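Visitor: I would like a close look at a single part of this chain. Please take one residue and describe its surroundings.

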Amino acid sequence: MFTDERLEPVEFKSCWKKEIYVSDAGAQTQDLQVKDAVCQSFYANEVGTQTERDSQIKLTLAKVDDESLAAFLRSVEPLFTKCIKSNNKSRAFEGLEKHPENEAASVTCTHTLSYSELNGELVVLAGNDKFLDLSTFGRFDHEDWCTHKAAVGTWNLDRHGVKEDRPDSVIDSSCCVMCLQFHPENPAWLAGGSFNGEVLLWDLSQEDDLLLATSGIGDDAHREPVVRVLWITDTTKKTQLNIISIGGDGKILIWKVDQKKRKLRLIDGFVVMAQSLPPSMKVRGVRGDKEISLTSIVFSHEDSDTFLVGSESGCIFKCNIHAKGNPAGSHVASSVPLRSPVTFTYHPHHGPVQSVDCSHYNRHAFLTSSMDQCLRVYNMLQAHPVLIIEPGEGYLFSCAWSPASPTLLATTTESGYLLLYDLGSGKLVPIHRIEASPSKQPVFTLQFNSKQSQLLATGDGVGFIRVFTLSKDLLSSTSQKVEQLANLITMGAE
């Protein structure tokens, strides 16, 4: 029915288009005329003069009117004194720091220490007090009762010719020593906690038997590894110091030193229980008196009765040494009554809390690090953190405030780095990222030296301790930095 049809094209010729004729034409100006000319003076004169040296000339001091000079000084002294006092109160140049171009690096590694007889897959916990660097050589990856060889080593960094591969003194231990703390007044006394739950006290001034006292292993001892020990003031006798220990069994125990019986006697204690967890973390069917495994403890620098503890659950608890909370369950055996010390619970991390530290410059500021890869700054009066830092370096283990600078803090990472942050810079990136493990192993611990604040020690997972020296530009403490920290804590609380 339908077929394709092709028609011939139809052409319409233009009735208006005509041929266009083109012609070329040009125009040019006349040639430009150019002339060169130079100018130069023709005459130059040099004149010099010099006095002749006359050895016969003698110099004499000008005559001074002492009375007139004294009168002048008396007249201007009040004005100078007023200006000096005004300058001392001025904050115009506060925070201004000099940075010479040839200044050395702000952080330098001065020592790399290790114990050659126990090198390998070992964890180092480093601590320091006064002029000593202290370390324990053990492990974290236990799967059963600890029976392998371990030791405690001390180095005196103030001594000439430090042997970096051999401690000055070595204390052999039958199991891993998980934590250490020097006596704040007697540098020869050293407290420690073992993987088997025992609290120990050594006297480094002894020649033969260094073990001064021990808690032993029993109902009063910890049933899990002791993770922290601290020296605290006795609540009844302010001149005496006791040892407080925490463990994975949720217990917080206070020990009195009995040198005659060579024993640590339990005099008080607490236990952190599931009833203190926030409602969002409570599990149906779990008893409220079930213990919460603890990981870290720190006391407030302003209030000796207040302390903070971190837990494997991720929670941080505010506690008081005089708290009389709910008693522990009947399944907890102890010669002294154990009660909950918790007075407040903070918004938890999403992983175990590895370290807690209180600021030296603000009574409400404290710092936490966790395996959720977050570094947090809290206000003690507020449940939620005021600042969260995520370095992106894996798990964060130890953290600490600098005792010399209000806004400087440090943390160690799973990837083997030491990170330094300055909260006063307004940036959430580290001002220094330092390799703290030669073999990229996790760095489990760090600690500032309490007497020499420029020293910072770290310990990694294969037996190496590195001691760093911080330059003066990181150690300045000004009222401006104190105010910056206070503003951060206060604004976060609002």
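Guide: What follows is an account of His111, then of one sheet and the chain as a whole. This is a predicted model, in which local features need pLDDT of at least 70 and side-chain atom pairs count only at pLDDT 80 or more, while totals for chains, interfaces and linings use all residues. Residues are numbered from 1 along each chain as its sequence is written, and side-chain values use heavy atoms, with hydrogens and water left out.

His111 belongs to strand S1, residues 107-113 (strands are DSSP runs of E, at least two residues, numbered from the N terminus). His111 counts as buried because its relative accessibility is 19%, and buried means under 20% relative accessible area with a 1.4 Å probe, protein chains only. Leaving aside residues up to four places away in sequence, His111 touches Leu157, Glu164, Ile465, Arg466 and Val467 (contact means heavy atoms within 4.5 Å). With Glu164, the His111 side chain also makes a side-chain polar contact of 3.2 Å; such a contact is a pair of N or O atoms within 3.5 Å, one able to donate a hydrogen and the other to accept it, and residues adjacent in sequence count only if both atoms are side-chain atoms.

Elsewhere, an open antiparallel sheet has four strands in the order S14-S15-S16-S17, where pairing requires at least two DSSP bridges. Its edges are S14 (294-299) and S17 (342-345), each paired on one side only. Between S15 (residues 306-311) and S16 (residues 316-320) there are five bridges.

Of the chain's 494 residues, 44% count as buried.

Conventions: Buried means under 20% relative accessible area, exposed over 50%, partly exposed in between (1.4 Å probe, protein chains only).
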